[in-house]
Amino acid sequence: MSFCCGAGMVGSIGTVRHYKTVVQNVPILFCPVCDRIEVHPAIEGEYEILVEYAQGDNAPEVDFADFVSVDNTSELFENCSMTDEAASFADVLKQQIDISLDLLGVAKELNDDDWRETLMLRLKRLSERLKQYNKRRESAACD
């Protein structure tokens with residue numbers, strides 16, 4: 001299980017820019033709080049080789065799935081706190097908010113003011129992201 005800034009990383013298939021090369025369909029982990037993205041550790045070696053070849057060929061864009069077969073995505077993401085496959089991004093954010101609220105209760109019981117403050121900042125960021133996401137979804141539905 002991967003964590004970033006205290007939040008659980010979400011497993012997904014995404015796009016990663018490595019210098020001038022954009023690599024699509026890469027198994028990644030991302031943090032819904034701080035937006036940090038990292039290539040999934042299980043395929044990091046293959047990713048680095050592909051990027052090295054793509055940059056050597058001056059390829060502006062490559063599709064990871066065209067060169068590397070990742071048949072076991074469910075196994076790949078089994079150690080993630082959650083994935084975005086079955087849920088909308090709003091559901092992922094709500095799950096992260098629920099986890100943070102549970103942790104906030106523990107921090108209050110332990111009288112850990114530093115942890116409570118960190119969790120409050122995380123909750124604020126997650127709530128803002130959820131509002132922004134819902135606003136974009138509503139405006140897209142109206143168009």
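This tour proceeds through a predicted model one selection at a time, stating what may be found at each stop.

**First stop: the salt bridges around Asp-35**

Begin by selecting Asp-35, together with Arg-125 and Arg-129; these three residues are linked in a network of salt bridges. A search of the whole structure finds four salt bridges. In one of them, the side chain of Asp-35 meets that of Arg-125, at 3.1 Å from N to O. Asp-35 lies in the loop between strand E4 (21-30) and strand E5 (37-39), whereas Arg-125 belongs to helix H5 (residues 113-142), so this pair ties together parts that are 90 residues apart in sequence.

Now display the side chain of Arg-129, which forms a salt bridge with Asp-35 at 2.3 Å, N to O. This pair also links distant parts of the chain, with Arg-129 in helix H5 and Asp-35 in the loop between E4 and E5, 94 residues apart.

Which of the three residues are buried and which are partly exposed? Asp-35 has 39% relative accessibility and counts as partly exposed. Arg-125 is likewise partly exposed, its relative accessible area being 27%. Arg-129, at 15% relative accessibility, counts as buried, because that value is under the cut-off of 20%.

**Second stop: the surroundings of Arg-129**

Keep Arg-129 selected and show the residues around it. With neighbours within four places in sequence left aside, Arg-129 is in contact with Cys-31, Pro-32, Val-33, Asp-35, Phe-89 and Leu-93. Two of these contacts, Phe-89 and Leu-93, are themselves buried residues of H4. Another contact, Cys-31, is buried with a relative accessible area of 0%. Selecting Cys-34 as well shows a residue with 39% relative accessibility, which counts as partly exposed. The number of disulfides in the model comes to zero.

**Third stop: a salt bridge within helix H5**

Next, select Arg-116 and Asp-113. Their closest N and O atoms are 3.5 Å apart, and the two residues form a salt bridge. Both lie in helix H5, three residues apart, which is about one turn of the helix. An α-helix has 3.6 residues a turn, so residues three or four places apart point the same way. Arg-116 is partly exposed, with a relative accessible area of 28%.

**Fourth stop: helix H4**

Select helix H4, residues 89-109. Its 21 residues should span 30 Å at 1.5 Å a residue, and the C-alpha atoms at its ends are 31 Å apart, which agrees.

Where do the buried residues of H4 lie around the axis? To see them, colour Phe-89, Ala-90, Val-92, Leu-93, Gln-96, Ile-97, Ser-100, Leu-104 and Ala-107, which are buried. They cover an arc of only 150° around the axis, and are therefore on the same side of H4. Turning the helix to the face directed away from its buried side brings the exposed residues Asp-102 and Glu-109 into view. Just after H4, Asn-111 takes a positive phi of about 55°.

**Fifth stop: the nonpolar core**

The largest nonpolar core may now be examined; it has 37 residues. Select Val-23, Val-26, Cys-31, Ile-43, Tyr-47, Val-62 and Phe-64, which have the most contacts inside this core. Strand E3 (10-18), E4, helix H1 (44-56), H4 and H5 each supply at least two of the core residues. H4 provides the largest share, seven residues. In soluble globular proteins, nonpolar side chains tend to be buried together.

Within this core, centre the view on Phe-64. Apart from neighbours within four places in sequence, Phe-64 is in contact with Val-23, Gln-24, Asn-25, Val-26, Pro-27, Ile-43, Glu-46, Tyr-47, Leu-50 and Val-70. Among these, Val-23, Val-26, Ile-43 and Tyr-47 are also listed with the most contacts inside the core.

**Final stop: Gln-55 in helix H1**

The last selection is Gln-55, which is found in helix H1. At 28% relative accessibility, Gln-55 counts as partly exposed. Which residues does Gln-55 contact, leaving aside its neighbours within four places in sequence? They are His-18, Tyr-19, Lys-20 and Thr-21. To complete the view, add Val-22: Gln-55 and Val-22 are 33 residues apart in sequence, and their C-alpha atoms are 10.0 Å apart in space.

Methods
Residues are numbered from 1 along each chain as its sequence is written. This is a predicted model: local features need pLDDT of at least 70, side-chain atom pairs count only at pLDDT 80 or more; totals for chains, interfaces and linings use all residues. Side-chain values use heavy atoms; hydrogens and water are left out. Helices (H or I, at least four residues) and strands (E, at least two) are DSSP runs, numbered from the N terminus. Buried means under 20% relative accessible area, exposed over 50%, partly exposed in between (1.4 Å probe, protein chains only). The expected span of a helix is 1.5 Å times one less than its number of residues. The arc is that of the directions from the helix axis to the C-beta atoms. Contact means heavy atoms within 4.5 Å. A nonpolar core is a set of buried Ala, Val, Leu, Ile, Met, Phe, Trp, Tyr and Cys residues joined through side-chain atoms within 4.5 Å. A disulfide is a pair of cysteine sulfur atoms within 2.5 Å.
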